[in-house]
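Colleague: Please take one strand of this model and go through it closely. I want its surroundings and its partners.

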Amino acid sequence: GVDAAEVIHTKILQIVHDYPPEGIAGTELHTKALSWELSRKHEVTVFAGWPQVCYGADVAPTYVSQDGVSVFRVATKISPKAFKKDMSNSRVESSFMKILSQYKPDIVHIQHLQGLGIGLLGIISEIDVPYIVSLHDFWYICPRVQMVYLDGSICDMSDEARCARCLARRRFRAPRMMVKGQLKDRTKSMRAALNKACAILAPSGFIRTRYLNWMICSSKILLLPEGIDIPKTVQRNEGKNVLTFGYVGTIAPSKGVHLIVDAFKHLPPGKAALRIWGSGEDEYLAELKQMADGCDVSFEGRFPMGEIGYVMSGIDVLVVGSTWPEIFSVVAHEAFASGVPVVAPNIGVFPEIINDGNGALFTAGDVKSLSAVLSKITRSSTELDMMKKSIIRPKSMTKYAEEIMEIYVGCIGGKVD
């Protein structure tokens, strides 16, 4: 490998579809954490979409400085209906060319291009600057990002005809054949752009395999699990008489929070509690609260960034209910870093990270299966103790930044191991 410590100063440009404080999902928070960590030794600039502002308005690109990182925001529109913008967005490209000419980066790291368009990669190629791509979801394959049909069922692999049927329903006013033609062009452009990358980073074997099956060059896709900001240690309350299960994250149907509440209701009264942290749509929240009526379930709302350690200190077991195959799951790794076992569905990344007794898997989407797992943990304190002892501390963001920097150096030097 290349010794990243030998590099005195590198100019790094990160590109992402959204950014804090408005964008607070996993990819945005990951990009911010990585950018800050890299900025301790290198010069980091972020070019980010800004979907929260009115796309049709005359909003000039905005510059802010966040914790030593220069951030340029440009108005974008993120929607499956706007998937033509995935290909080319002249408005964004004009701003991007100005940033490139002013900043002159040594390396460009693509975190996400939704709303920005893969036309940016063509611009980068023209000035002969290497770029790497991190895979955070299925956006390059699927305009709906998650590879899930409108009815919630999982799509195993894409083809233009199947995708056209999915997208044409309720999403477009265009004939299906027109959508199919657009998708064919999109797929061709996406594959070409990815295969021109110096390296493609997959945080799990699951997503690496999916992209390999989608005809991406195997030598380019590197398996590199992401690092996390290790939560601050908070003294746990070990004197509780009731076992506390917890959910932490966005409260949405695709996250399966309704499955968790339903499964919890089948547990014996007085033996366990369920604490739900996060926010979501009012209608879904109302349904969950009605479902949980009469049970020891509390909705704690959102919590300040940096307080995940406090949240985890009040949870004995984290429960993830996702109905779609997650790629990495930051919250599961934060739980492990806090010494909290994880119960999760047997799809996506979870069979890779939940093993050797550090948690338990249940059949995805199956309330009875989840309830059986929760019931087993509730009945046996020994089961929970064994899970806690089996947890291995996850990779820190500092370590991950060192690994990323080694890849940057290899790309700049024309060689990636």
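Modeller: What follows is a close look at one strand, S9, and then a short note on a residue elsewhere. Keep in mind that the model is predicted.

Strand S9 covers residues 243-248. Is it buried or exposed? Buried means under 20% relative accessible area. By that cut-off, 6 of the 6 residues of S9 are buried, so the strand is largely enclosed by the rest of the structure. Take the faces in turn. One side carries Leu243, Phe245 and Tyr247, and these are buried. The other side carries Thr244, Gly246 and Val248, and these are buried too. Both faces of S9 are therefore covered.

Now the partners. S9 pairs with strand S10, residues 272-277. The two run parallel, with 6 bridges between them. Within this pairing, Tyr247 sits opposite Ile276 of S10. Helix H7, residues 257-265, belongs to the arrangement as well: S9, H7 and S10 form a β-α-β unit, and its hand is right.

S9 also pairs with strand S12, residues 317-319. This pairing is parallel and has 2 bridges. Gly246 has Leu318 as its bridge partner in S12. So much for S9.

The residue elsewhere is Gln66, in strand S3, residues 62-66. Gln66 has 16% relative accessibility and so counts as buried. Its contacts beyond four places in sequence are Tyr19, Pro20, Pro21, Lys32 and Val71. With Pro20 there is a specific link: the Gln66 side chain reaches the backbone oxygen of Pro20 at 3.1 Å.

Key:
Residues numbered from 1 in each chain as written. Predicted model: local features only at pLDDT ≥ 70, side-chain atom pairs only at ≥ 80, totals over all residues. Heavy atoms only, no water. Buried < 20%, exposed > 50% of the residue type's maximum accessible area, 1.4 Å probe, protein only. Helix = DSSP H or I, 4+ residues; strand = E, 2+ residues; numbered from the N terminus. Pairing = 2+ DSSP bridges. Right-handed = clockwise from strand over helix to strand, strands pointing away. Contact = heavy atoms within 4.5 Å. Polar contact = N/O pair within 3.5 Å; in protein donor to acceptor, adjacent residues only side chain to side chain.
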